[in-house]
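Biologist: I should like to learn how strands and aromatic rings are read in a model. May we begin with the strands?

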Amino acid sequence: MTTTRPTRKRVVPNELMPVMAAATTDFAPAPDAQFPVQNVMETKGLRVAYSGREVLHGIDLPVARGMVTAMVGPSGCGKTTLLRTLNRLAELTPGCVANGSITIDGEESMAMDPVLLRRRVGMVFQRPNPFPMSIRENVLYGVKAQGHAAERHDQIVESSLRRAVLWDEVKDRLNDSALALSGGQQQRLCIARTLAVAPEVVLMDEPAGSLDPRSTAKLEESILALRGDYTVVIVTHDVPQAHRVSDFLAFLYAGHLVEYGETATLFTKPRADATRDYLAGALITAAEDEEIEREPAAVIA
């Protein structure tokens, strides 16, 4: 009896990374775009290490203004670290060091006051974290901290909750405790709280990770409602969700950006075989993960 040896993925050495990046990260406008896409944020040569161990290896990633960009990849590929580096939350972890460039509207974010940066680049976490106060006060928490005029509060509350697709469900109980809301409603309230301070970019780290299918559908509706007025960057393990909500897609593996481009293009005509395999549900084996840990690299067929 003969046996067939399993096909192995080829590992691309670090010195070939610029060639690969040039071949797989072409930037193109979304199919329905009427004007050339502009980048509100961009990373160049971004490297992040924890206690001397590098986990992101020279990431060049544009973030299109007014669009939804999804980042996907296996667990441990670095997508959450990349997301948290965009508003410098990662540096709050002891031992974290980031090098390279991250710009917002052409300004170098590494040189900014991180508090001011986080007002422009908000974050919605995986688990809902409403404050133990009313729905209304949750939405206004950051607004009041910034000293906005009280006469605008009602307008801000309604517009933020509408954007988060929550207004119709809570408009008659704004003074009720936010903790009485369902998990899905609490997550959309956290989105509304983020929107209330008018950020340019909203980062979402697995926002549907703890939600049931019905709540996930509502959350995705709220994400789609933000397109055009807000820029959204979402990390998700749910590949079909990335397909449903995003305009652009970034596939990360082992700390490298393997491929970036229009979501529709990556799902139908990806340039890297590893992208096609991952999006089709063919995960790369643990043994190959260990090999790449020893020699950080991107993976193509």
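Modeller: E7 and E8 pair in the parallel sense over four bridges; two strands pair if DSSP finds at least two bridges between them. Helices (H or I, at least four residues) and strands (E, at least two) are DSSP runs numbered from the N terminus. This is a predicted model, in which local features need pLDDT of at least 70 and side-chain atom pairs pLDDT 80 or more, while totals for chains, interfaces and linings use all residues. Residues are numbered from 1 along each chain as its sequence is written, and side-chain values use heavy atoms, without hydrogens and water.

Biologist: Which residue of E8 is the bridge partner of Val 121?

Modeller: The partner is Val 201. E8 is also joined to strand E9 (residues 231-235) by five bridges, and the two run parallel.

Biologist: Is strand E8 buried or exposed?

Modeller: In a regular strand the side chains alternate between the two faces of the sheet. Here, Val 201, Leu 203 and Asp 205 on one side and Val 202 and Met 204 on the other are all buried, that is, under 20% relative accessible area (exposed is over 50%, partly exposed in between; 1.4 Å probe, protein chains only). Because five of its five residues are buried, E8 is largely enclosed by the rest of the structure.

Biologist: How should one read an aromatic pair?

Modeller: A pair of aromatic rings is described by the distance of the centres and the angle of the planes. Rings of Phe, Tyr and Trp (its six-membered ring) pair if their centres lie within 6.5 Å; planes under 30 degrees apart are stacked, over 60 edge-to-face and the rest tilted. The whole structure holds three such pairs. The planes of Phe 131 and Tyr 141 meet at 55 degrees, with centres 4.6 Å apart, so this pair is tilted.
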